[in-house]
Structure formats: structure tokens, C-alpha cells
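Here are a few short exercises to work through with the model open in your viewer. Try each task before you read its solution.

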Amino acid sequence: MELGSVSAAHGSVESGTMAGVGKCILVTGPPGVGKTTLIMRICENLKLSNPNIKLQGFYSQEIRQGGERVGFEVVTLDGRRARLASSTISSPESRQWPAVGKYKVDIASFESLVLPELKIREDTGLFIVDEVGKMELFSSYFFPAILNILQSNIPLLATVPIPKFGKDIPAVVRLKNHPGATIFTLDKSNRDAMKDRIYPQLAGMLLKP
């Protein structure tokens, strides 16, 4: 996954949508435009400018065999990995897994790695979530963990998919409508400039009490 464009707008406020003020930057755009690469570049810059900052969260990446995509995995910011989905696993257990297209989603594997990363700790400075998408949302514990972060005063930098066939995922709509959310839309024409737009805003969030 790679890099993207710049259309920033505050999400509209929907009364009673969520408790908590929250500080949230959402990056959206079509598959393959570079959302993950952008997130990781921002993380690298934050670590350079503030070596003591405690980053928690995960990013997603493809699993390939012989040049063919056969699944997805989640990776923590310190390099631990777990399967998210696969098109090649066939077992009695996997037959019960939910499907997205040809991929079966391994909820237990996803939760075992990701849920501990989304727990609020005393020294947490920023949460990174790549992404809040259909596969991840099969976990009944995942989105409540995101809401818990938004109810805290800890900033969240997350990627979300663009609406498919004009229909947005309800959980993504809730995030976009959060009063503390700013939305950046990536495309191939502006993706290289996006880091310079997001990074200062995020750095400002980290400085605020």
C-alpha cells in the first residue's frame, strides 16, 4: 500500500454521535493510492522529532506468493505480525470465518495482535490505525476500542476506505462525523504533498494538553 492527495475538511458534527472530544485525523482514498505509506512516513517523522513519543497501533499489508496477492496481515509498529485474511487457507475452522470477496477473515488472529495495541496506557502519545475497514470491523471488539480512544484525549491517526458503490461503512460514517475529526482525501496528484499537510496538524495535536 502506498501514498496520496489533499482535500481536508472537518467532519460535520452529528449530535450525540459519540461522547468525548477526541482528536482524530482520517486519511481516505482509493485502494493502492498510498495511505499506508503515508501513515508510516508520518510515524518516522514523529519518531525523529520526538524520540520519546509512545506510538501504538498497527498497519495492514498484502501477503503475496509468486507475485499473486493471497491475503493480508496486520503489523504492529514494533514489527509483530498476524494474519488478517487469506484466500488459500482451507480448514474446518476457516470455513466458519467471514468472507470479503475471495478472502476469509481470521478474526481471532487479528484480535490477538491488535486489541492489546489499542489499549490506552498512561504513556500513550498517539494511536495509529490502518485501517478501519470491512475486514477489521468483523471483530466485535475492534470498533468499541476505537471509540474508547476517541473518548480519551489521545490523538488518533487512521485510514478509512472510500465509499464503495456510493455506500459508506456505518462505522466509518461515525468516525467522519466525529466533531474532532479532520478528513484528508488522497489521490495520485497530491499524495506527495500530503505529508506536509498532515504532519504539522498532528504535531500540533500532540503538543496540546
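**Exercise 1.** Work out whether isoleucine 128 is buried or exposed in this predicted model, and find what it touches.

*Solution.* Start with the cut-off: buried means under 20% relative accessible area. Isoleucine 128 has 0% relative accessibility, so it counts as buried. Next, place it: isoleucine 128 sits in strand E8. Now list its contacts, skipping residues up to four places away in sequence: you get Ile39, Cys43, Gln56, Gly57, Phe58, Leu77 and Leu157. Finally, check a C-alpha pair: isoleucine 128 and leucine 156 lie 6.1 Å apart in space, with their positions 28 residues apart in sequence.

**Exercise 2.** Find how many residues of helix H3 (residues 142-150) are buried, and say what covers them.

*Solution.* Go along the helix and pick out the buried ones: Phe142, Phe143, Ala145, Ile146, Leu147, Ile149 and Leu150. That makes seven of nine, so H3 is mostly covered. Then look at the cover, which includes strands E2 (24-29), E3 (55-65), E8 (126-130) and E9 (156-161), along with helices H2 (107-117) and H4 (170-176).

**Exercise 3.** Trace the strand pairing from E4 to E5 and on to E7.

*Solution.* Begin with E4 (residues 68-76) and E5 (residues 81-86): they run antiparallel, joined by five bridges. One pair to check is valine 75 with its bridge partner in E5, arginine 81. Four residues separate the strands of this hairpin, and glycine 79 has a positive phi near 95 degrees. Moving on, E5 is antiparallel to E7 (residues 103-105), with two bridges joining them. Here serine 86 stands opposite lysine 104 of E7.

Technical notes. Residues are numbered from 1 along each chain as its sequence is written. This is a predicted model: local features need pLDDT of at least 70, side-chain atom pairs count only at pLDDT 80 or more; totals for chains, interfaces and linings use all residues. Side-chain values use heavy atoms; hydrogens and water are left out. Two strands pair if DSSP finds at least two bridges between them. Buried means under 20% relative accessible area, exposed over 50%, partly exposed in between (1.4 Å probe, protein chains only). Contact means heavy atoms within 4.5 Å.
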